[in-house]
Amino acid sequence: MRRAHLSANWVMALAILVPGLPALLVNAPIANAQNAQNDNNLRASVLNAIKKDEFKNVQANVKDGIVTLQGTVKDFATKEELDKRVHRIKGASGINNIVEVEGAGQISDQQIQQEILKQLQYDRVGYGNAFDAITVNVQNGVATMSGHALGPVAKDSALALASRTPGVQDVVDDIQVDPVSPMDWQTRAQVWRAVYGFPSLNKYAIDPAQPIRITVVNGRVILTGVVDSQADKNVAGIQANGVPGVFSVTNDLQVAGQGERK
């Protein structure tokens, strides 16, 4: 009883020295309880938003309005979808997504890169993929996508393709979308006919992967891909140079067996 009496006296003394202290002492527990309830409500909203089979191995915790996501998902695309779902929830002051992608470190960077390249070759066949020249470089599971895309749909398709590839831990977007220009559209069509229509080169049109990729930006042409011989590379450059309206041609075609394709 003596200790309680002294404590009460100290509180009274502090109340005189520090105006507003009684209100703080009363309101602090109420505020803490309200914050805890807000965290619980937010966590319930998060768990409801990620209640899908692909997120079954993901755990969510909330502290002071910050959502922490942990666990594993099958690929980077699923991790991105998880992140989008949680970001749409109101009330979160921050999101800490430390979810890991399955297979981290189990598939080599070279294997991942080759798999993405193989898929890119046939991506959007029939939609002008000869005019997409997208490259990939993989380091420590991070796929950096660069090069040229004919339009935003082609770019998004390539990024989605990489994010679904097993072993990819993250995707960096360095892809340039070529500007819209009626003159460039006309030049693309003319260069395609000049290159693929040449007798020694039309064999490359048989495969939908179309190894000769044609990029046109403001009348400047870039040829990329892999051909069978130096002669084919030279002829492709000559044919592109002969198209009216072409300002310059950069012939970056590789000859099979003479260089590593990225």
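Let me start with helix H7, which covers residues 230-241 in this predicted model. Helix H7 has twelve residues, and the distance from its first C-alpha to its last is 17 Å, close to the 16 Å expected at 1.5 Å a residue. Five names matter for its inward side, and these buried residues of H7 are Asp-232, Lys-233, Ala-236, Gly-237 and Ala-240. If you look down the axis of H7, the buried residues fall within an arc of 135°, so they line one face of the helix. What do the buried residues of H7 pack against? Their partners are helix H6 (182-196) together with three strands, namely S9 (220-227), S10 (248-251) and S11 (254-255).

Staying on this helix for a moment, please find Val-235, which also sits in H7. Leaving aside residues up to four places away in sequence, Val-235 touches Phe-198, Ser-200 and Leu-201. Of these, Ser-200 lies 35 residues from Val-235 along the chain, while the C-alpha atoms of the two are separated by 8.5 Å.

Now I would like to turn to helix H4, residues 109-121, where 13 residues should span 18 Å at 1.5 Å a residue, and where the end C-alpha atoms are indeed 18 Å apart, in agreement with that expectation. The buried residues of H4 are Ile-112, Gln-113, Ile-116, Leu-117 and Leu-120. Seen down the axis of H4, these residues fall within an arc of 130°, and so they line one face of the helix. Packed against them are strand S5 (133-139), strand S6 (142-149), helix H5 (152-163) and strand S8 (212-217).

One of those buried residues, Ile-116, leads us to the interior of the chain, because nonpolar side chains in soluble globular proteins tend to be buried together. The largest nonpolar core has 35 residues, and those with the most contacts inside it are Val-46, Leu-69, Leu-82, Ile-116 and Met-145. Helix H5 gives the most to this core, with five residues. A second, separate core has 20 residues, among them Val-191, Leu-201, Tyr-204 and Val-221, and you may remember Leu-201 as a residue that Val-235 touches.

Let me finish with the chain as a whole, which holds seven helices and eleven strands. Of its 262 residues, 36% are buried, and the chain exposes about 15000 Å², of which carbon and sulfur atoms supply 54%. Finally, among contacts with a separation of 6 or more, 64% are between residues 24 or more positions apart.

Methods: Residues numbered from 1 in each chain as written. Predicted model: local features only at pLDDT ≥ 70, side-chain atom pairs only at ≥ 80, totals over all residues. Heavy atoms only, no water. Helix = DSSP H or I, 4+ residues; strand = E, 2+ residues; numbered from the N terminus. Expected span 1.5 Å × (residues − 1). Buried < 20%, exposed > 50% of the residue type's maximum accessible area, 1.4 Å probe, protein only. Arc of directions from axis to C-beta. Contact = heavy atoms within 4.5 Å. Areas by Shrake-Rupley, 256 points an atom, 1.4 Å probe, with all protein chains shown as cover. Core = buried A, V, L, I, M, F, W, Y, C linked by side-chain atoms within 4.5 Å.
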